[in-house]
Amino acid sequence: MWQRIQTLYIGIETALIAALFFGPKAVTAAGDEISYISYIPYLILLIIITIFNVLALMAYKQRVFQMRTMAMAAIVTLALQVWLAVDYIALMDTEYVFRFTAIFPLVAIILDVLAIRGIMSDIMVAESVNRLRSSRKHRK
């Protein structure tokens with residue numbers, strides 16, 4: 001399972017998204033924290049992304065399903081990152097300071113794209129090997 005680099009990418013991305021469940025989104029000068037899970041839409045998006053990532057980790061033998069699952073995870077993660085950017089712009093004039101965890105979805109999107117490329121290359125290699133084997137059988 002962990003023999004392919006895309007599985008490592010998916011595992012790192014899952015860890016980054018799981019860190020958002022426990023980390024603060026923003027803090028004030030007084031020390032008050034806003035967490036990601038305190039806002040229900042963020043919580044729903046984080047749960048959906050985590051489910052997609054776990055499905056992709058478990059479907060390492062079904063490459064097409066894994067690639068499609070990662071594509072869906074990338075789209076939902078992009079939606080989360082855009083929503084965070086909108087919140088950042090809306091709260092820019094207030095006393096809230098966003099934490100570094102606000103860029104975790106952006107890093108997760110990059111890892112998604114790298115994983116999708118790795119899965120696609122595995123699919124291409126498997127198809128070319130099948131074509132070579134079938135052409136040998138027809139020659140004999």
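**Exercise 1.** In this predicted model, locate tyrosine 39 relative to the neighbouring secondary structure, and decide whether tyrosine 39 counts as buried, partly exposed or exposed.

*Solution.* Begin with the position: tyrosine 39 lies in the loop that runs between strand E2 (33-35) and helix H2 (40-58). Next take the relative accessibility of tyrosine 39, which is 36%. Buried means under 20% and exposed means over 50%, with partly exposed in between, so at 36% tyrosine 39 is classed as partly exposed.

**Exercise 2.** Determine which residues form a nonpolar patch on the surface together with Tyr39, and state their accessible area together.

*Solution.* Starting from Tyr39, the patch is completed by Leu78, Val82, Trp83 and Val86. Together these five residues, Tyr39 included, have about 440 Å² of accessible area. For the setting, the accessible surface of the whole protein comes to about 8700 Å², and 68% of that surface belongs to carbon and sulfur atoms.

**Exercise 3.** Describe the order of the secondary structure elements along the sequence, and then compare the radius of gyration of the protein with that of a compact globule of 140 residues.

*Solution.* First, the secondary structure consists of four helices and three strands, and these follow the pattern α-β-β-α-α-β-α when read along the sequence. Second, the radius of gyration is 19 Å, whereas a compact globule of 140 residues would have one near 14 Å. Third, the C-alpha trace spans about 80 × 25 × 20 Å along its principal axes. Finally, consider burial and contacts: 38% of the 140 residues are buried, and among contacts between residues at least 6 apart in sequence, 72% join residues at least 24 apart.

Note on methods:
Residues numbered from 1 in each chain as written. Predicted model: local features only at pLDDT ≥ 70, side-chain atom pairs only at ≥ 80, totals over all residues. Heavy atoms only, no water. Patch = residues over 30% accessible without salt bridge, like charges linked within 9 Å, V, L, I, M, F, W, Y side chains within 5 Å. Areas by Shrake-Rupley, 256 points an atom, 1.4 Å probe, with all protein chains shown as cover. Salt bridge = Lys/Arg side-chain N within 4 Å of Asp/Glu carboxyl O. Helix = DSSP H or I, 4+ residues; strand = E, 2+ residues; numbered from the N terminus. Buried < 20%, exposed > 50% of the residue type's maximum accessible area, 1.4 Å probe, protein only. Rg over C-alpha atoms; globule rule 2.2 N^0.38 Å. Contact = heavy atoms within 4.5 Å.
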